[in-house]
Amino acid sequence: MSPVNGVRWFVTAVLLASCGRAPDLHVHGVAVYVETTAPFAQRGDLETRLESTVQAALDYWQGSWTDVAGRTITLDGGTHVACEGNASAIGCYDGNIRVSTNDVGAGTFSCVEQTVLVHEIGHAVIGDPLHQDPRWMEMDALADALAGRTGYDAEGEVPCVIFVSVWRHPLGRP
Ligand SMILES: [Zn+2]
């Protein structure tokens, strides 16, 4: 093994160790980890749904795939994801994106569009951790763009109803 190959092997090993395993799929340059048993996440259309959902969010936030290239998206089965001292976050952007797929009130989400993924894509594009941009309290246009899709529960197809309130965030708060 040449020194260069040795370094490359080491870097690869560290990356694999930090993630635990290889991604379940890739959407453009984004590695996606499916760590939920939510029925929508086991469906064959997950990749195209993720792609079109992220695309709609990028359009809303006026970003592009280069804003999320090299990042990871994790679909988490818990009701909350840990996020920099906030144990009760339903989504997190800390350079990578993690979103809950299990709402405390509504139960398991029936489609990826219902998660706070579109909110976290906003952080990836504009940063703004204090939520000062008025767009954090809008998003009706984004809801319209993603409306009318199919969701899934354990029995089969159900409507993918979007609650824009899940994505919104009071302005001026972390
Ligand atoms: Zn936020």
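Which residue follows α2 with a positive phi? In this predicted model, α2 is followed by Gln-62, whose phi is positive, near 55°.

The helix itself comprises the 15 residues 46-60, and because a rise of 1.5 Å a residue should make it span 21 Å, the 21 Å between its end C-alpha atoms agrees with expectation. Its buried residues are Leu-46, Arg-49, Leu-50, Thr-53, Val-54, Ala-57, Leu-58 and Tyr-60. They cover an arc of only 165° around the axis, which means that they are on the same side of α2. An α-helix has 3.6 residues a turn, so residues three or four places apart point the same way.

Several elements take part in covering the buried residues of α2, including those tabulated here.

| Element | Residues |
|---|---|
| β1 | 25-27 |
| β2 | 30-35 |
| α3 | 117-126 |
| α4 | 140-146 |

The largest nonpolar core has 37 residues, of which Phe-40, Val-54, Ala-57, Leu-117 and Ile-121 touch the most other members. Two or more residues each come from β2, α2, β3, β6, β7, α3 and α4, and α2 gives the most, with 6 residues. Not counting residues up to four places away in sequence, Phe-40 touches Leu-46, Phe-109, Ser-110, Cys-111, Val-112, Gly-151 and Tyr-152.

Ala-89 lies in strand β5, residues 86-89, and counts as partly exposed because it has 18 C-beta neighbours inside 10 Å. Leaving aside neighbours within four places in sequence, Ala-89 is in contact with His-80, Val-81 and Cys-83, while its C-alpha atom is separated by 8.6 Å from that of Thr-79, 10 residues apart along the chain.

Methods
Residues numbered from 1 in each chain as written. Predicted model: local features only at pLDDT ≥ 70, side-chain atom pairs only at ≥ 80, totals over all residues. Helix = DSSP H or I, 4+ residues; strand = E, 2+ residues; numbered from the N terminus. Expected span 1.5 Å × (residues − 1). Buried ≥ 20, exposed ≤ 12 C-beta atoms within 10 Å, placed from the backbone. Arc of directions from axis to C-beta. Contact = placed C-beta atoms within 7 Å. Core = buried A, V, L, I, M, F, W, Y, C linked by C-beta atoms within 7 Å.
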